[in-house]
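Visitor: Could you take me on a close look at a single part of this structure? I would enjoy one connected tour, with the details kept in.

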Amino acid sequence: MSTDTHAVHADDHHHGDSHAHGTFSTYMLGFVLSVVLTAIPFWLVMSGALPSKQITALVIMAFAVVQIVVHMIYFLHMNTTSENGWSMMALIFTIVMVVIALSGSLWVMNHLNSNMMPIHQMTGMK
């Protein structure tokens with residue numbers, strides 16, 4: 001193709017695309033938030049800063065919910081202005097994914113703990 005052909009189509013680059021696209025600064029903000037939202041629960045578990053395992057698990061689940069929302073906003077570009085706001089399908093998908101991710105993670109960790117570390121092997125052996 002010649003340079004003239006490219007010049008004619010230069011203004012037609014987006015082809016009617018009105019979706020929200022992230023800038024470098026929004027991607028970096030999302031990345032920094034993701035790192036912070038990963039580092040804080042890691043620190044909570046490794047330091048034992050919270051008094052009980054149940055409270056730690058609940059705090060980690062709260063951080064997981066915030067992490068999922070951050071990913072949806074900063075990396076999937078879901079906001080209130082594109083495509084007439086969040087559609088009902090996107091909201092249902094978000095709720096289903098959060099429930100599956102959190103309950104599935106807790107279920108897997110519970111079963112790994114009970115199946116990989118049976119109490120009779122831990123107390124009877126010296």
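Guide: Gladly! Let's begin with the record: UniProt, in an unreviewed entry, places the feature "transmembrane region" at residues 24–45, 57–76 and 88–109. Please keep in mind that what you see is a predicted model. In this model, residues 24–45 are 100% helix and 0% strand, with 32 Å between the end C-alpha atoms. For residues 57–76, the helix content is 90% and the strand content 0%, and the end C-alpha atoms are 27 Å apart.

A quick word on the setting. The protein chain has 5 helices and 0 strands, and its elements follow the order α-α-α-α-α from the N terminus. Of its 126 residues, 14% count as buried. Among contacts with a separation of 6 or more, 64% join residues that are 24 or more positions apart.

Now to the part I'd like to show you, the pairing of α2 with α3. Helix α2 covers residues 24–47, and its axis lies 10 Å from that of α3, at an angle of about 170°. Angles over 145 degrees count as roughly antiparallel, and α2 and α3 are therefore roughly antiparallel to each other. On the α2 side, the contact is made by T26, Y27, L29, G30, L33, S34, L37, T38, I40, P41, L44 and V45. Facing them from α3 are T56, V59, I60, F63, V66, Q67, V70, H71 and Y74. Sorted by class, this contact has 14 nonpolar and 7 polar residues, and no charged ones.

Let's pause at T56, one of the α3 residues in that contact. Helix α3 spans residues 53–74, and T56 lies within it. Is T56 buried or exposed? Its relative accessibility is 11%, so T56 counts as buried, the limit for that class being under 20%. A polar atom of the T56 side chain lies 2.9 Å from the backbone oxygen of S52. Setting aside neighbours within four places in sequence, T56 is in contact with V45 and L50; V45 is among the α2 residues listed for the helix pair.

Over on α2, S34 makes a good companion stop. S34 sits in helix α2 and is buried, with a relative accessible area of 11%. Which residues does S34 touch, leaving aside its neighbours within four places in sequence? They are Q67, V70, H71 and F75. Of these, Q67, V70 and H71 also appear on the α3 side of the helix contact.

F75 leads us to one more residue, F31. F31 lies in helix α2 as well, and at 47% relative accessibility F31 counts as partly exposed. In sequence, F31 and F75 are 44 residues apart, while their C-alpha atoms are 9.0 Å apart in space.

To put the picture together: α2 and α3 run roughly antiparallel, T56 of α3 contacts V45, and S34 of α2 contacts Q67, V70, H71 and F75.

Conventions: Residues numbered from 1 in each chain as written. Predicted model: local features only at pLDDT ≥ 70, side-chain atom pairs only at ≥ 80, totals over all residues. Heavy atoms only, no water. Helix = DSSP H or I, 4+ residues; strand = E, 2+ residues; numbered from the N terminus. Buried < 20%, exposed > 50% of the residue type's maximum accessible area, 1.4 Å probe, protein only. Polar contact = N/O pair within 3.5 Å; in protein donor to acceptor, adjacent residues only side chain to side chain. Contact = heavy atoms within 4.5 Å. Axes fitted to C-alpha atoms, helices over the stretch in contact; angles between N-to-C directions. Parallel < 35°, antiparallel > 145°, perpendicular 65-115°, else oblique. Nonpolar A, V, L, I, M, F, W, Y, C, P; charged D, E, K, R; others polar. UniProt positions renumbered as here; feature names shortened; annotations may be inferred.
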